[in-house]
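Biologist: I am new to this structure and would like a close look at a single part of it, the largest pocket, together with enough of the surroundings to place that pocket in the chain. Please take your time and connect the pieces as you go.

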Amino acid sequence: QVQLVESRGGSVQAGGSLRLSCAASGAIYHNSCWGWFRKAPGKDREGVAVATAGGSYTYYTDSVKGRFSISRDNAKNTLALQMDSVKLEDTAMYYCAAVRVWPYVCDMSTNFGGGVWGQGTQVTVSS
């Protein structure tokens, strides 16, 4: 059983940068799909970024394109989210998740509901 643990988030001023990390333990499968999600108060949970198992292909929701970058380190078994030029609206609880998919379709349409989720980490952007 895979377990995911996010690093502590934090507070950052608008325009600044923050890096989130997610450590995975347990069996990791070649057909796994990885993602970052966020949930802001009063809003539905939304997918932020998705990466294929090897990290070769990445996808982003429109609001973070050009500002956020997702990456996979297979050697260290980690998933990261580099957040640059953050905005007030990026304030949310962030979660990493992994799911096995077959046929292998790993993009923003992938359903992570049956996968494994981290405990979440708070990111707060201030003006």
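Modeller: What follows starts with the chain as a whole, turns to the pocket, and then visits some individual residues elsewhere in the chain.

Please keep in mind throughout that this is a predicted model, and that the values below are computed from it. The chain has 11 strands and zero helices, and its elements, read from the N terminus on, run β-β-β-β-β-β-β-β-β-β-β. The radius of gyration is 14 Å, close to the 14 Å that the globule rule gives for 127 residues, so the chain is as compact as a globular protein of that length. Taken along the principal axes, the box that the C-alpha atoms fill is roughly 40 × 25 × 25 Å. Of the 127 residues, 44% count as buried, while the area that the chain exposes is about 6,700 Å², with 49% of it supplied by carbon and sulfur atoms. Contacts across the sequence are also worth noting: among those between residues at least 6 apart in sequence, 61% join residues at least 24 apart.

With that background, we can turn to the part you asked about. The largest pocket has a volume of about 190 Å³, and the residues that line this pocket are Gln1, Val2, Ala27, Ile28, Tyr29, Ser32, Trp34, Ala98, Val99, Arg100 and Val116. Two elements, strand S4 (32-39) and strand S9 (92-100), give two or more residues to this lining, and S9 gives the most, with three residues. Sorted by class, the lining of the largest pocket consists of eight nonpolar residues, two polar residues and one charged residue.

One member of the lining, alanine 27, repays a closer look. Alanine 27 is placed in the loop between strand S3 (18-25) and S4, and it counts as partly exposed because its relative accessible area is 37%, a value that falls between the 20% limit for buried and the 50% limit for exposed. Although alanine 27 and valine 2 are 25 residues apart along the chain, their C-alpha atoms are separated by 5.8 Å, and both of these residues line the largest pocket.

Strand S3, which comes before the loop of alanine 27, also holds cysteine 22. Cysteine 22 has a relative accessibility of 1% and therefore counts as buried. Leaving aside neighbours within four places in sequence, cysteine 22 is in contact with Leu4, Val5, Glu6, Trp36, Asn77, Thr78, Leu79 and Cys96. As for threonine 78, its C-alpha atom is separated by 5.5 Å from that of cysteine 22, with their positions 56 residues apart along the chain.

Threonine 78 is found in strand S8, and its contacts, again leaving aside neighbours within four places in sequence, are with Ser21, Cys22, Ala23, Ser71, Arg72 and Asp73. Threonine 78 and valine 5 are 73 residues apart in sequence, and the distance from C-alpha to C-alpha is 9.5 Å.

Asparagine 77, another contact of cysteine 22, is placed in the loop between strand S7 (68-73) and strand S8 (78-83). At 15% relative accessibility, a value under 20%, asparagine 77 counts as buried. Asparagine 77 has a positive phi of about 60° although it is not a glycine. Serine 85, in the loop between S8 and S9, is also not a glycine and has a positive phi, of about 50°, but serine 85 counts as partly exposed, at 40% relative accessibility. As a general background, most residues other than glycine have a negative phi, and most peptide bonds are trans.

The peptide bond that joins tryptophan 102 and proline 103 is cis, with omega about -5°. Proline 103 lies in the loop between S9 and strand S10 (116-117), and S9 is the strand that gives the most residues to the lining of the largest pocket.

A last residue to look at is glycine 66, which is found in the loop between strand S6 (58-60) and S7. Glycine 66 is exposed, with a relative accessible area of 84%, and its C-alpha atom is separated by 9.7 Å from that of methionine 83, which is 17 residues apart from glycine 66 along the chain.

Technical notes: Residues are numbered from 1 along each chain as its sequence is written. This is a predicted model: local features need pLDDT of at least 70, side-chain atom pairs count only at pLDDT 80 or more; totals for chains, interfaces and linings use all residues. Side-chain values use heavy atoms; hydrogens and water are left out. On a 1 Å grid over the protein atoms alone, a cavity is a set of points where a 1.4 Å probe fits but cannot get out, and a pocket is an open set with protein on both sides within 12 Å along at least five of seven lines; lining residues have an atom within 4 Å of a point. Grid points are joined across faces, edges and corners, and a volume is the space filled by probe spheres set on the points. Helices (H or I, at least four residues) and strands (E, at least two) are DSSP runs, numbered from the N terminus. Ala, Val, Leu, Ile, Met, Phe, Trp, Tyr, Cys and Pro count as nonpolar, Asp, Glu, Lys and Arg as charged, and the others, Gly among them, as polar. Buried means under 20% relative accessible area, exposed over 50%, partly exposed in between (1.4 Å probe, protein chains only). The radius of gyration is taken over C-alpha atoms; the globule rule is 2.2 Å times the number of residues to the power 0.38. Contact means heavy atoms within 4.5 Å. Accessible areas come from the Shrake-Rupley method with a 1.4 Å probe; for residues, only the protein chains shown count as cover.
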